[in-house]
Amino acid sequence: MKFTPETYVIPDEPMKPFIDAEEIWNYINHTVSSSERVHEVIAKSLAKQRLNLEEVAVLVNTNNPELIEEIKEGARTLKRTIYGNRIVLFAPLYIGNYCSNNCIYCGFRTSNSKAIRKTLTDDEIISEVTALEDDGQKRLILVYGEYPQYSPEFIAHTVKLAYSVKKGNGEIRRVNINAAPLDIDGFRTVKTAGIGTYQIFQETYHPEAYKTYHLSGRKTDYAYRLTALDRAQEAGIDDVGIGALFGLYDWRFEVLGLVRHANHLEACYNVGPHTISFPRVKDASMLNINQDYFVSDNNFAKLVAILRLAVPYTGMILTAREPAQLRNEIFQFGVSQIDGGTKIELGSYSEKTETGAHLDKGQFQINDGRPLNDIIDELLEQGLLPSFCTACYRLGRTGEHFMEFSVPGFIKRYCTPNAILTLAEYLTDYAPENTARKGWQVIDDTIEKMDNEPMQTAVRERIEKIKEGKRDLYF
Ligand code: SAM
Ligand code: SF4
């Protein structure tokens, strides 16, 4: 079967591509954003219902500062009441930056002769993973350029290698992927390596704008990329991540595009994306692009809050592309995953080099180079619960079975206790005294607030086991 945007439609709607630029612009141009409508839409979201495109258009069209504050407050409330206080941590690991594509925003583009290219050898991957484990990391996302050498077999090999590195209490328990779109057989191959999420960003959902940024190579094919995660689903990968690169086109259009993509996956496969990412374009080696669509910090905070309200069941990822201060504010809008201790230059975890020192070695500039422990410290200061949990994926609670936010009590029953146990491991094995003190306090407070006595007892018992040396305990 050949997959095109026309192949997949939103059921119960007339046959049409699931991304229709004219339709999206119609919603943006013809939706009036009265305060009454904004209140109705926020209330619908707080009742944990996904928003449709017209409702998202109401929010993106809001310019009244008081209403924008209410949207942000809605996102904060949704986070507090539905998601609890945990935030999952991971680190990116760049495996190779050779690339045959020419995406003009990216430091790895084939035309960038200044880029310093490298593919990690097996030994180098082992050194990088060891360095990440020594920091306390348990979850990685492996990242690759699009290049013939980075075949599905190669990707599968590198994933297995990352899982195989174990030293002391160090181990990687979940490996996600950010790589080029594959065909169905390719997705099947990487699935056999035991990947977590397969993440692909559409970059821009606007087909005409897309053409102007992707000048040569396989990635020029908008439709092949748009339907990639449909092929992943066909291949049995039911844990997928979508994203848009903000700054390439009108941010309001991209927000509606992301919501439509999420709704499409949910309508066709009964499972929406596990995560949504919303990177903003950052400086990169020899970058020279039009800044007309760059998104201000204010609009960025607003769009994150809108996405939170639009897809209440979907995880949201905020990366170290954004500066520390802005990240600290946006954590409170219901972001569920962040990276910490991030280094994106190839080989830099084991070389212990300062990140950001050499733009030609990385894909783009990151702006939050804090070590993992500093990020954990910040989360604890904010009363948030850092988590390295990988339980659902390892127990097969993915896809349709991964009801995280729709099953009442799921967070209380699984996510919070597992966050506590993985944090307890981190505090025991890696944290300096000051962080450990704060961390145990947050753990005590969180257990205290649980309204389920048997669960409180079970968590306390497991913590004792961790103190005695047991690892990898989860519910
Ligand atoms: N080569 C694969 C692909 O294009 O799908 C892997 C993706 S790339 C290594 C990860 C993501 O980084 C891209 O999908 C893009 O959204 C983002 N990115 C590229 N250049 C960027 C820049 N200058 N600033 C911020 N993010 C950027
Ligand atoms: Fe290559 Fe991906 Fe960068 Fe495009 S975004 S140049 S495909 S690494």
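**Aromatic pairs, buried residues and overall fold of the predicted chain**

Tyr-147 is a good place to start: with a relative accessibility of 31%, Tyr-147 counts as partly exposed (buried means under 20% relative accessible area, exposed over 50%, and partly exposed in between, with a 1.4 Å probe and protein chains only). The model is predicted, so local features need a pLDDT of at least 70 and side-chain atom pairs count only at pLDDT 80 or more, while totals for chains, interfaces and linings use all residues. Residues are numbered from 1 along each chain as its sequence is written, chains are lettered from A and ligands numbered from 1 in the order in which they are written, and side-chain values use heavy atoms, with hydrogens and water left out.

Turning to the chain as a whole, its secondary structure comes to 19 helices and eleven strands (DSSP runs numbered from the N terminus, with helices being H or I of at least four residues and strands E of at least two). Three domains divide the chain: domain 1 (21–77), domain 2 (83–394) and domain 3 (407–467), with bounds from an automatic or database domain assignment. The centres of domain 1 and domain 3, taken over C-alpha atoms, are separated by 36 Å. Along the principal axes, the C-alpha atoms fill a box of roughly 60 × 55 × 40 Å. The radius of gyration is 21 Å, which agrees with the value near 23 Å for a compact globule of 475 residues; this radius is taken over C-alpha atoms, and the globule rule is 2.2 Å times the number of residues to the power 0.38.

Burial and contacts add to this picture. Of the 475 residues, 61% count as buried. The chain exposes about 18,400 Å², of which carbon and sulfur atoms supply 48% (Shrake-Rupley method with a 1.4 Å probe; for residues, only the protein chains shown count as cover). Among contacts (heavy atoms within 4.5 Å) between residues at least 6 apart in sequence, 73% join residues at least 24 apart.

Next come the aromatic rings. A search of the whole structure finds 16 aromatic pairs; rings of Phe, Tyr and Trp (its six-membered ring) pair if their centres lie within 6.5 Å, and planes under 30 degrees apart count as stacked, over 60 as edge-to-face and the rest as tilted. One of these is Tyr-94 with Phe-108, which is edge-to-face because the ring centres are 5.8 Å apart and the planes stand at 80°. This pair links distant parts of the chain, 14 residues apart: Tyr-94 belongs to strand 1 (residues 86–96), and Phe-108 to the loop between strand 1 and helix 5 (122–135). Both rings belong to buried residues, Tyr-94 having a relative accessible area of 6% and Phe-108 one of 4%. A tilted pair is formed by Tyr-147 and Tyr-150, at 5.6 Å centre to centre with 50° between the planes. While Tyr-147 is partly exposed, Tyr-150 is buried at 6%. These two tyrosines also take part in one aromatic cluster with Tyr-98, Tyr-144 and Phe-154.

Charged side chains meet rings as well. The charged end of Arg-280 sits over the ring of Phe-300, 4.4 Å from its centre (NZ of Lys or CZ of Arg within 6 Å of the ring centre and within 35 degrees of the ring normal). Lys-467 lies over the face of Trp-440, at 4.8 Å from the ring centre.

Several helices offer examples of buried residues. In helix 19 (residues 453–467), Val-459 is buried, with a relative accessible area of 0%. Leaving aside neighbours within four places in sequence, Val-459 is in contact with Pro-417, Ile-420, Leu-421, Ile-447, Met-450 and Phe-475. Arg-327, in helix 13 (residues 324–330), is buried too, at 1% relative accessibility. Beyond residues up to four places away in sequence, Arg-327 touches several partners, including Glu-322, Asp-339, Asp-368 and Ile-375. Ile-375 is also one of the buried residues of helix 15. Helix 15 (residues 372–381) has seven of its ten residues buried, so it is largely enclosed by the rest of the structure.

Backbone angles complete the survey. Gly-383, just after helix 15, takes a positive phi of about 75°. Lys-48 has a positive phi of about 65° although it is not a glycine. Lys-48 lies in the loop between helix 2 (35–46) and helix 3 (53–60) and is partly exposed, at 27% relative accessibility. Met-286, not a glycine either, has a positive phi of about 55° and is found in the loop between strand 8 (275–277) and helix 12 (297–310).
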